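Work through the exercises below with the sequence and the model open. Try each task before reading its solution.

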Amino acid sequence: MPDWIFRCRKRPAASHIGTRNRIIFGISHRLAVIIFSAATLLQAGQATANPALSTNQKVLESLNAGASFDIDDIGSVFEFVLSKLPEEVKVYPTENYYYFRFQHGGIDYAGNIRLAASDRDEGLVHFAYFPAANAGIREGQMHYRPLTAADDVKVEKLGALLYTVTFRDRTIRFVLNDLSTVRPPDGFLNANETYLGPVYDESGIQFYLVYNRDLKLFHYVLNETDTVPEILRPAAFTDRILLGRRTGFAFYRDKNIDRKILIGVLGANVAVNNYFDGPFDQLPDNFNTDDRLRLAIEESDPSVAGRLDRFGYFDTGEGRYLIGPYIQYAQEQQLASFHLCATNPDVTPQLYYGCFAIQGGGR
């Protein structure tokens, strides 16, 4: 089954800080209850003067509402989802997932509609939904289908990043996120770094995907040119590490350049597969027009050379190469190794950025 329906890619068996320093992290997982009610599902692209209000009343009434469709009938669920959308929606995440949640029969379902850069122009839209995970239970049975004209679904390209999806008597315009002009500011990159493209995470946090050619590793660097919807506080043991109040994202403040490098995400968020599980699943697909990404992956991991397409998908169909150079943490003390490495006098300036990336990838 294609990996884009899971939003979860295989992690390496071992994780190291850089290719030289060999500081091994223990990755622990702590479950937490993360509740996303249907009432908080804003229609993307619909600007409002004030934030939306979510109430427990709406959640409970949605849970107890009857449903006129069969949850196991993918076509019926697709029709239901489209019926609840406005005529035009904005898809912010850069891997082109349009996420949704709904209740059915007392169960919270999560899912997505995806116009993948690799095959949307062939008239294909990916549709998936499943019982959402919570603190005590993993995700339930996946319902997935790549929908085409054979399913009475029409995908029409109106522009470079503008598509319509029609099913039966309902047509929705999907406006994909145009970040084609996004570039790091002058002086933001080192001479040995390559900018691979913009990342707009489903958390609302934006990054620059950067490849270090000398150390052969990747970084997600925070894009602060627009408002960052987060409050960052310093870790208890150093103000070089900053923690997001809303997302749990952990950043290290580069001592050489005024920028913040992602070093960790909360394992609890990964466990329940919510919007804060990290940007590994939001690569800059719409702006991947050459082989830079593939070549960077193959240079960093020669074991996959000749096995990937330009998006990083394996030619065997087994999934997509993981670019996740950060740890999953439960307590902020687990991030201390990054600071110990960065301040270690034995770490040369050439190896400094190896302190902020764990190695590995693939399926």
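The exercises go from the whole chain to cores, a cavity, a helix and salt bridges.

This is a predicted model, where local features need pLDDT of at least 70, side-chain atom pairs count only at pLDDT 80 or more, and totals for chains, interfaces and linings use all residues. Residues are numbered from 1 along each chain as its sequence is written, and side-chain values use heavy atoms, with hydrogens and water left out.

**Exercise 1. Describe the protein chain as a whole.**

Step 1. Take the secondary structure from DSSP runs: helices are H or I, at least four residues, and strands are E, at least two, numbered from the N terminus. The protein chain has five helices and 16 strands.

Step 2. Apply the burial classes: buried is under 20% relative accessible area, exposed over 50%, partly exposed in between (1.4 Å probe, protein chains only). Of the 363 residues, 53% count as buried.

Step 3. Count contacts, meaning heavy atoms within 4.5 Å. Among those between residues at least 6 apart in sequence, 59% join residues at least 24 apart.

**Exercise 2. Find the nonpolar cores.**

Step 1. Join buried Ala, Val, Leu, Ile, Met, Phe, Trp, Tyr and Cys residues through side-chain atoms within 4.5 Å; each joined set is a nonpolar core. The largest has 61 residues. Phe78, Phe127 and Leu335 are among those with the most contacts inside it.

Step 2. Ask which element gives the largest share of this core. Helix α2 (residues 74-84) does, with five residues.

Step 3. Look for another set. A second, separate core holds 30 residues, including Leu209, Val265, Tyr275 and Ile323.

Step 4. Go back to Leu335 and skip its neighbours within four places in sequence. Its contacts then include Phe237, Ile241, Ala250 and Tyr329.

**Exercise 3. Characterise the second largest cavity.**

Step 1. Set a 1 Å grid over the protein atoms alone; a cavity is a set of points where a 1.4 Å probe fits but cannot get out. Points are joined across faces, edges and corners, and the volume is the space filled by probe spheres set on them. Four cavities reach 30 Å³ or more. The second largest is about 60 Å³.

Step 2. List the lining residues, which have an atom within 4 Å of a point. They are Leu196, Pro284, Phe287, Asn288, Thr289, Asp290, Arg292 and Leu293.

Step 3. Sort them. The lining divides into four nonpolar, two polar and two charged residues.

Step 4. Check Arg292 and Asp290 for a salt bridge (a side-chain nitrogen of Lys or Arg within 4 Å of a carboxyl oxygen of Asp or Glu). They form one, with the closest N and O atoms 3.3 Å apart. Arg292 is partly exposed at 37% relative accessibility, and Asp290 is partly exposed at 33%.

**Exercise 4. Place helix α4.**

Step 1. Pick out the buried residues of α4 (residues 292-300): Leu293, Arg294, Ala296, Ile297, Glu298 and Ser300.

Step 2. Find their partners. They pack against β9 (193-200), β10 (206-212) and β11 (217-222).

Step 3. Test the charged pair. Glu298 and Arg294 form a salt bridge at 3.0 Å. They sit four residues apart, about one turn of the helix.

**Exercise 5. Survey the salt bridges.**

Step 1. Count them: 18.

Step 2. Inspect Lys157 and Asp121, whose side chains meet at 3.4 Å, N to O. Lys157 lies in strand β6 (residues 153-159) and Asp121 in the loop between β3 (107-114) and β4 (125-131), so the pair ties together parts 36 residues apart in sequence.

Step 3. Compare accessibility. Lys157 is partly exposed at 47%, whereas Asp121 is exposed at 51%.

Step 4. Look for a network. Salt bridges link Glu95, Arg114, Asp285 and Arg320.

Notes
On a 1 Å grid over the protein atoms alone, a cavity is a set of points where a 1.4 Å probe fits but cannot get out, and a pocket is an open set with protein on both sides within 12 Å along at least five of seven lines; lining residues have an atom within 4 Å of a point. Ala, Val, Leu, Ile, Met, Phe, Trp, Tyr, Cys and Pro count as nonpolar, Asp, Glu, Lys and Arg as charged, and the others, Gly among them, as polar.
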